[in-house]
Each structure stands twice: as C-alpha cells, then as structure tokens.
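Reader: I'm new to reading protein models, and I'd love a close look at one part of this one. Could you pick a place where two helices pack and walk me through it, then show me how it sits beside other parts?

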Amino acid sequence: MTAEPDGPEDRLRRFATIWSRAVFPVTATSLTRPELEERLLPLARRLRGALLKRGFDAEAGKEVGAALVDAHCTDPDALSHSLDCVDAYLVLYCGEAGPQEDLRVRASRLQHAMAAGFARALRERTLAEQEAIAQAALRAQGVVAQALHASEARFRAVFEGAAIGIGIADLDGNVLQINGALLRMFGGSEQTLRGRRVQDLTHPEDAPQTWKLYDELVRGEREHYHTEKAFSRPDGTALWTNLTVSLLRDADGVPQYTLALMEDTTERRLLNLRLRYEATHDALTGLPNRTLFFERLEKVLGAGEGKRFGLCYLDLDGFKTINDSLGHAAGDRLLVEVADRLQSCATAPGEMVARLGGDEFVALTTGPDTRHEVDELAARIMNVLVAPVSIDGRELTVRGSIGIVEGPAGERSAAEVLRSADITMYRAKSAGGNRFELADPEADARAITRHGLTTALPAALERGEFFIEYQPLVHLGDGTVRGAEALVRWLHPQHGVLGPDRFIPLAERTGLIVPLGRWVLEESVRQAGEWRERNGGAAPLRINVNLSPCQLTHPGLVQDTVDILERAGVRPEALCLEVTESALIGADDDLLKPLRRLAEMGVDIALDDFGTGYSNLANLRRLPVSVLKLDRSFTQGMQQFPADPVDLKIVEGIVSLAHSLDLAVTVEGVETGAQAEQLRILGCDTAQGWYYARPGPPDRLHELALVDATG
C-alpha cells in the first residue's frame, strides 16, 4: 500500500530515514543504510504509538532501546544519536495535531526509557561476553603466558573480538595485554597502557573501597569484584566504566593474573546527568524546580540540632493579567527576567532560588543567624523587583508578595514548611501585596483549619452533618410568634457545632453553597409544613431562609423553590427569602428577575442586614422586597433607658420610609425589654433576638416561654 503523500505513514518514513542516517556511521553491522532504515521503521512506529498513547508507555521506550542493541547499534554514539533524533524529530513528524508541549514532555520521557532499555540490553550482552571470555581464559590459564605471545586461537578470538574492553595484568599490577576495545575507550596508543601499573590508574572520583577490593583480590581473599570506576584519558577527559575484575588461578589454585572487563558508560552517564538535570531544573528559567528544591530543603531540615533555615515564598502580583493581556510568550519572558534577578539575590553559601511553577518562586538560606539573613534576603528580592521589565516595547512593573518562614531544623517536615510559607504569602497578598510577611503559627492554624473544613464540606453534606436551628420571629404588637428564621449549623466530627460564619464563606468559594442552600430550603419548608399540620391547618408560621448571592445567579433557583413548596404542600406566602443588602443594592435586572418571579408567586423577599452598606434608598422602589430587616447595629443604643436620641431618629426615619413603601420592618438582635418597647413605639413590625429566645431545635418553637413583647 502506498503511503499518502505527507500522510502519517509518509512522515513516519521520513523520521525513520533521518534516524538511520544518524546512526548508520556508528553501527557495527553488515546491513546497508536502506536495510538499517527498514530495521528501524517498526521501532519508529512503536515510538509514534507510545507518543500518542493515552497513558505513558515506558515499556515501549525500553523495548526500542533494547532493539537497538539487537540491531548491533551498540556503540554509545548510536544511543546518543538516536536520542537526539527522538528529541528533534519525533514530535515534528509523528506528533500530528496534539498539544505540542505535552508531546515534548512525553518525548523526553521516552528518551529516558530508551536509554534505560539500551543500558539493560547492553549489560545483558556484556555479561554474556564476559562469561565467554572468563571461560576461555580459564581454559588457557595453564599456558597464559604462551597464549599472550603465540595467540592461542580460541582465547585470542574472544579477546580481540569482544565489544567490551579487556585487560590482563600480573599480581604486581603490571599491565600485560589489552584488547582493541579497551584501547579505543582510552583513546591512546597501546604503548601508553601496556607496561603501566594498575595502581597508577587512580582517579579523583574513585570510591573509597575501590582499591581495598583490588588488594583483597590479588591476595587471593576474593575471586572477583564489580564497581563503577573512572579513568583519566590522555586528552584529560574522564572515561567512566562498569568494571569487573576477576582473579585467574593456575591448575593448583595459585593466583597468577587479574582479568579486567570494562564497559564504557561515559555517554550513558552524561545522558543520565542530562536527564537528571532536565528532571530537576525548570525548562523555562533554568532554575532548580520543585523536585530539586524539596530534596535540598529536606536535607537542610535534617541537618541536626543547632542548624536553622529561612525560606521566602514569592508569588508575583498581577501576573495573570499580564499573561491574559500580552500573551504567554510575554509572560514567559517576564518570568525569565524575574528568575535572573532572583538568582542575583541568592549568592551566599547555603542560599538557593527555585521555581515551583507558574509565577511562584522560593529562596532558601541557611546559617546560624537566619532570623536576620532571611529578612535581608526578602528585602533584596523586593528591591530587585522594583525596576520595570521591558517586553515588546512595554515597561512592565513587577511586584510580588512574600511569605517568610524561619526556624530551627528538625522540627517540621518540608511539606509543612512550604505550606506555612504558602499560607503566609497569601496573607501578604490579602493585605494588598507588594510586601512580605513573617509566618504566624496561629494564623497558619486558622488557615489550615479553613482548608480542612473546605475539603470536608462535600462529604459533610452527604453524611448529613448539617442541621437547622430556628429562632422565633415575634410580633411586637401582641407578642405572638409569627414565624422563625432557619439558621444552618454544622456538627463537625472534630470541631463540634460550627456556626454559619465558619463555613458559609467557604461553601460560597467552592460552589457548594448551591446544593447546601437547596438542602436548607427544602428542610426548612418541610418543617414549616409539619408546624402547619400541628396547628390543625391554622395560619401557618412563616419560615425565613437566607439566600447566598451565589444562589441568586443559579438558573435553577425559581424552579427548585416551586418544586420544594409543592412537595411539602406549603403555600408561597409561608416562605420568606432573606437576601443581604449588599447583594441587591445596585443589582441589574437579570439578577432581580428570579426574585421578581418568586415575589409574584407570593414569596416574601426580605432585605437582610439593611443599613450595613451603602444604601441608595431611592433604589428600594425597584427592588422586589416586602420586608426590611434592620441590622442590630441600629438598636444597640436602645438597650438602656433612655435610648440614644440619634438612634431613635434614624430608626424612626427608616420605619417611616419603609411603611410608606408598604414594606414591613423586622429588627434583629433584640436583647432587652427596653429595646423591645422602644421598637414597638417606633412602629417596627416584628423582632428576633435573645430577649425572646435563642435559636433552637424545631420542637422547641411551640414550647419556648416567650416574654410579652409589650413588657
């Protein structure tokens, strides 16, 4: 079947062609270049499948790496050139229309898997060769000296043809013979190696036990050992090897020679270092990333007694606006500039800067006096951010909020330290930004509690941890109970009973306020229906339910309310929905439309906390409200007798205005008989407060001993 021009198969073939051209010069194979291309084509198809697969398939990359070894592409350069091809061309020719950034990350992970598979297959092949060499050497051990000069056929064939480096030395350490592979590894002439002593081949990177193992071997105390060792090449570069050294004995078991087998791991080590760097450094800024920062922080925190640390957690103020208005390319250039400036701030020993992601950076300092040093570090960071950043001809002002955590090592984990710094940074941002704040354990505890409550909210609703208490609404004229306000509570397993001020704001931020508000409305209306049945069908008690501003914008508000009333058999006139003044004053017609529909059905709408915000009284005429609820701040001056005359005049004016607009007036927070009497005289309609009753369970509403509102 002919591939469609510039179709997926044609592009795959181009990738395989480029790959074969890159690795052909460094292969030890009798295949021609086109034949090698055909050998690589199914491997390319496997890589394309792994690139586009929904989940990451590391095994595919490992199998491709192993297949390179099977194709006699065993030279380290073959792996290096293959990885370069994957890096440069796999996404280009096989990525199709997928998200390019995600595909490049996937391609990098495939490179890592290919290297691992290549290394494993090469190791297995090397071990097989090592076994063959050792067997040949043992068979020749009685005539090793003669074999070295007379080229004993079996031994010489394996010795010279092996892909790994082989050297033979006597027990004094004199190098007697080396093969071509070892000579190529070192890159010098045979004379530079033969005749040298093994003990001269030391390297600064040698592990402490390397030469101890060698001494034990030549003394006959061990038969072989395996280690990773570096050697110095004549050109000054390092040769890294997997080194296996074995002891060769004569027929009587007396040690005679040492046999060294070396696998060149230099390119693999460099690749691993590169992959390690890519895994621990931010691709955009070059700074250490979250992974490396956590490693360093954990090491600092585990340094032991007497050690201290200081951490600055920086978040840029307004970065999202720059990204949205100028584009991500401009945002990236801004982050690179900020990273460069931050690096100039952390130059002392023990200091480092990292990018955690997005526009979040951290700076770490250690030492005996980090209380002072971390403040200086934060000040330096704020100072370097002052100068504008020029991007695309625009001068951008950069500001940041910093949370500082300082303390002794060993008391907290890295995650706890970073969480505290994050909380403190948001405290600085909430205070206006462009500043730094020091961590406060009490503030941390409150924030952690808020976070815990936020995450527990959904399950709490499912488990039925919420309940409702009811506070009576009393008619000021005759003292009778006319209804009750529904007040939701949360019976938390750890924190006990929580009032709405502890969790309603959290529910509003997470969107849970809609299902929670629906449950409160349904439960309250159902309770109103039960009260009506207990009263023998007499005039029902009115139930007041609070509506969050978030619920006002929910499209299902009206239909949910209608359905709830119908299921409970409760008339709309028995329901009053309370909405805060701040949510309605200045609201547009779209926001008011659902409230107007409910009001037309007969549901009362109350303007709650009236007087706490900027009240444009002229707007009251356009609002679909039938009740004003005066905030308790208006009646505090009436707790004593005589009442504050200014408070009296204000309340008198509001009541007069409300009644002229056919609005009833309810007063909150009535705590004394003097208040109740004064409010009755001023013409207020209903009241609620501790003077009458505290909120309680529904069964107590008819049993409460209510004081006569007339005194």
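**Two helices side by side**

Author: Let's start with helix H4 (residues 76–94) and helix H11 (residues 266–280), which pack at an angle of about 30°, their axes 9 Å apart. Keep in mind that this is a predicted model. Angles under 35 degrees count as roughly parallel, and therefore H4 and H11 are roughly parallel to each other. Who does the touching? On the H4 side you'll find Pro-76, Asp-77, Leu-79, Ser-80, Leu-83 and Asp-84, while H11 brings Glu-267, Leu-271 and Arg-274. Sort the residues of this H4 and H11 contact by class and you get 4 nonpolar, 1 polar and 4 charged.

Now for another pair of helices. Helix H1 (residues 8–23) and helix H2 (residues 33–52) have axes that come within 8 Å and cross at roughly 125°. That angle is why H1 and H2 are called oblique to each other. The crossing of these two, H1 and H2, is right-handed. From H1, the residues in the contact include Pro-8, Leu-12, Phe-15, Ala-16, Trp-19 and Val-23, and from H2 they include Leu-36, Leu-40, Leu-41, Leu-43, Ala-44 and Leu-47. Charged side chains take part as well, among them Glu-9, Arg-13 and Arg-21 of H1 and Arg-33, Glu-37, Glu-38, Arg-45 and Arg-48 of H2. By class, the H1 and H2 contact holds 12 nonpolar, 2 polar and 8 charged residues.

Helices aren't the whole story, so have a look at a sheet too. There's an open sheet of 5 strands, in the order S7-S8-S6-S11-S12, and its pairing is mixed. At its edges are strand S7 (352–357) and strand S12 (435–438), each pairing on one side only. Ignoring direction, neighbouring strands of this sheet are turned by 20° against each other on average. Zoom in on one edge: S7 pairs with strand S8 (residues 360–367) in the antiparallel sense, over 5 bridges. There, Gly-357 stands opposite Glu-360 in S8.

Finally, step back to the chain as a whole. It has 25 helices and 21 strands. Of its 711 residues, 47% count as buried. And if you take the contacts in the chain with a separation of 6 or more, 64% of them are between residues 24 or more positions apart.

Notes:
Residues are numbered from 1 along each chain as its sequence is written. This is a predicted model: local features need pLDDT of at least 70, side-chain atom pairs count only at pLDDT 80 or more; totals for chains, interfaces and linings use all residues. Side-chain values use heavy atoms; hydrogens and water are left out. Axes are lines fitted to C-alpha atoms, for helices over the stretch in contact, and angles run from 0 to 180 degrees between N-to-C directions. Helices (H or I, at least four residues) and strands (E, at least two) are DSSP runs, numbered from the N terminus. Angles under 35 degrees count as roughly parallel, over 145 as roughly antiparallel, 65 to 115 as roughly perpendicular and the rest as oblique. A crossing is left-handed if the near helix is turned anticlockwise from the far one by less than a right angle, and right-handed if clockwise. Contact means heavy atoms within 4.5 Å. Two strands pair if DSSP finds at least two bridges between them. Buried means under 20% relative accessible area, exposed over 50%, partly exposed in between (1.4 Å probe, protein chains only).
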